[in-house]
Amino acid sequence: MANFFDQFDEKPKVEEKNFFDRFDQGDERARLKEQGRRSVEESMAAPPEYVEVPSYDPTGVYIGTERVLKPSRADALGRGALGVLPFGEDLGALARSQQSGRTLAQEKMIMEGEREAAKEAYPGAYLAGQAAGIVPQLYLPVGLAARGATALGKTALGAVEGALYGGVTGLGEGITAEERLGSAATGAGFGGVLGGALGRFAKTAPKAPEPPPASVQAAERIGVEMPLYAATDNMLLQRGTKIGENMPFAGEPVIAARARAIETMEEAIDRFLPKTSVENAGEKIRTGIENWMNVKSKQAAKDAYDEVTGLFNNPDVTRQLENTRNAVAEIMARQAQSRLGSTPAVDLVMPAVMAKEGLSYEGAKNLYTRLRELRDENRIKGVKSADVERLYRSLKNDVLDIAEQAGGEPARFFLQRADRKYAADMAMKEQLQKIVGAREGRVSDEQIFERLYRAAGSKSSADAKLVSRAMRVMDPEHIQSFQAGLMSRLGRDAEGNFSPDRWLGPNGISGLSDRAKKMIFKDNPKQLQFLEDVTEVSRAFKNLNKFGNPSGTGQTILGGTSIAGLFVDPISVFTSIGGANLFTRAISKPATAESLANWSRRYEAFVQNPTRATANAFYRAGLPLSRMLSAELNKEVDINDYISPSAPK
């Protein structure tokens, strides 16, 4: 038996021409073109399809049928959706009546006929439109039944809610008032029965957990355990914490939690940037700035001027220094009037001025460089000679003329650009000398750090520019050393001990301008976020100080009393020293503990709205907190035992 695939390997009896060759015949192409033209003409000439739809008079009486254009599938979709939306057809009829001049009732009757025609023509599309129209109604607010406390209450509330929605939906159906009221009654009845049947099973949707306070989020990012008393905004808890801190034995948990948090904050800062001395930071700053001044800037200038010589077609061309000769003549004439001799600057350029053959570019540039050095030395010493400035500008013009003669306009342009770059670098050097010193001689490394540190804390624009220039010329390792020196200084006392109060004080982060912080940390989002997080956590601890007792009389006043006066009755809790200790233990726990956070929220809700329901909720929130404390103390503890008797048990 032959292979099955062999039959496909046989060559056709008549060899077919190339596919494209068939269309090269003129008569075949003309025939196909004519066939396409006729097809389009026939489709355009086809009469439109009509359908019969029922028609009604303004009173709703059927009066026969009316021929209308057969609807499309898209029309069927839209009419299906409009038909199930409450008052959807009413709104559509109202819009159409504004254009047609017919009444709302007449338009709605016409729409009913069109809807029936659409349903008959495309039943599938019509049903799909109805399904789409139901979707928005699924998002209508429901949940009244879930508020019922008992099954009977949920059933009753569900029936009310269902009847309300059913009645409103039914009211949008029909044309006459009687029809609408009848539809509303029917809808309310069915909705009430269905809502009551389903309502008894309704449950309150769980609330989305509230995000923790900003201070807690900041503490988590930097790895600090934030105690509840520092994170809460509840002034009563804050006040109770501060007073409890001054009570014998009771204040130990508060003090320990604060010390632990501050210690971890300091550790986080040290991890962020390891400590370094101001002397070491100053040495790195000096190295970074002087390396730019003495090496990098000079190399950049050399590269810029080498770019000019690379454009020369005739590098050996010479030219007399006409501009410089004129400047020398003016200076010597003025000197002669005062019976004065020559000046050092004139003596420097005089041989070149007297040379009949002039100078090449290299010769003129070397002379220009030497005169510029003399000018810069005078400026560093604080001396500004008018004669030197006059000769400097004149010689600069001569060098530009020689460069143009050697390399054309491009050479002149690039030489001017190199001069501008050199002038900008010299201005920057002059400013940076305010940090590393020059005129007053060598300064200590500590002084260098202090100068840059003071500039970072200044609000003046000149100091801000100085910080910006220093950050621009230093390498990353030198900048990091300065950052580390800052972090070793900010928020610390003379012994290097960190505290939130000092961090927020004038010698802390507040001592740096926002602009300086962005320049020093190079707009690094992570580093800037870390500084903001430390500030947020420090601010939370500092807020407690407003409830402090500077006179130190808190222990005397509270020695034989309770914290009862600090709270709004009937939630005057922890009326003994033992109870106060439990209170401070609880509020010194991490703010992220779920049982503690819930207890705090229930407490605040009760204080703001003291009802039996909020009191019961607060009481129940104390049970898991009691279990947590019992496990810690290794003995049975019920925190609710310390609540005042007026609170419900």
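How far apart along helix H12 are Arg286 and Glu290, counted in helical turns? They are separated by about one helical turn, because they stand 4 residues apart in that helix. I should say at once that what we are looking at is a predicted model, and that I will work outward from this pair.

The side chains of Arg286 and Glu290 meet in a salt bridge, with 3.9 Å from N to O. As background, an α-helix has 3.6 residues a turn, so residues three or four places apart point the same way. The two partners sit in unlike surroundings by the numbers: Arg286 has a relative accessibility of 5% and therefore counts as buried, the limit being under 20%, while Glu290, at 26%, counts as partly exposed.

Arg286 also brings us to the packing of H12, since it is one of the residues through which H12 touches helix H17. H12 covers residues 278-309 and H17 covers residues 445-457, and the two pack at an angle of about 80°, their axes lying 7 Å apart. That angle makes H12 roughly perpendicular to H17, because angles of 65 to 115 degrees are placed in that class. On the H12 side the contact is made by Val278, Glu279, Ala281, Gly282, Glu283, Ile285 and Arg286, and on the H17 side by Asp445, Glu446, Ile448, Phe449 and Leu452. Sorted by character, the residues of this contact come to 6 nonpolar, 1 polar and 5 charged.

Let me stay with H17 for a moment. Helix H17 has 13 residues and spans 19 Å from its first C-alpha to its last, which is close to the 18 Å expected at 1.5 Å a residue. Its buried residues are Ile448, Phe449, Glu450, Leu452, Tyr453, Ala455 and Ala456. What lies over them? The cover includes H12, together with helix H16 (386-436), helix H18 (461-473), helix H19 (476-489) and helix H21 (514-520).

Now to the other charged pairs. The count of salt bridges in the model comes to 20, and I will pick out two that reach across the chain. In H12 again, Lys296 forms a salt bridge with Asp475, and the closest N and O atoms are 2.6 Å apart. This pair links distant parts of the chain, as Asp475 belongs to the loop between H18 and H19 and the partners are 179 residues apart. Lys296 is partly exposed at 33% relative accessibility, and Asp475 is likewise partly exposed, with a relative accessible area of 25%.

The second pair is Arg390 with Glu330, whose side chains meet in a salt bridge at 3.1 Å, N to O. Here too distant parts of the chain are linked, with Arg390 in helix H16 and Glu330 in helix H13 (residues 322-337), 60 residues apart. Arg390 is partly exposed at a relative accessible area of 25%, and Glu330 is partly exposed at 43%. Elsewhere, Glu266, Asp270, Lys275 and Arg492 are joined into one network by salt bridges that share partners.

I will close with a residue that shares helix H13 with Glu330, namely Gln335. Is Gln335 buried or exposed? Gln335 is buried, with a relative accessible area of 11%. Leaving aside residues up to four places away in sequence, Gln335 touches Leu340, Gly341, Thr343 and Asp387.

Notes: Residues are numbered from 1 along each chain as its sequence is written. This is a predicted model: local features need pLDDT of at least 70, side-chain atom pairs count only at pLDDT 80 or more; totals for chains, interfaces and linings use all residues. Side-chain values use heavy atoms; hydrogens and water are left out. Axes are lines fitted to C-alpha atoms, for helices over the stretch in contact, and angles run from 0 to 180 degrees between N-to-C directions. Angles under 35 degrees count as roughly parallel, over 145 as roughly antiparallel, 65 to 115 as roughly perpendicular and the rest as oblique. Contact means heavy atoms within 4.5 Å. Ala, Val, Leu, Ile, Met, Phe, Trp, Tyr, Cys and Pro count as nonpolar, Asp, Glu, Lys and Arg as charged, and the others, Gly among them, as polar. The expected span of a helix is 1.5 Å times one less than its number of residues. Buried means under 20% relative accessible area, exposed over 50%, partly exposed in between (1.4 Å probe, protein chains only). A salt bridge is a side-chain nitrogen of Lys or Arg within 4 Å of a carboxyl oxygen of Asp or Glu.
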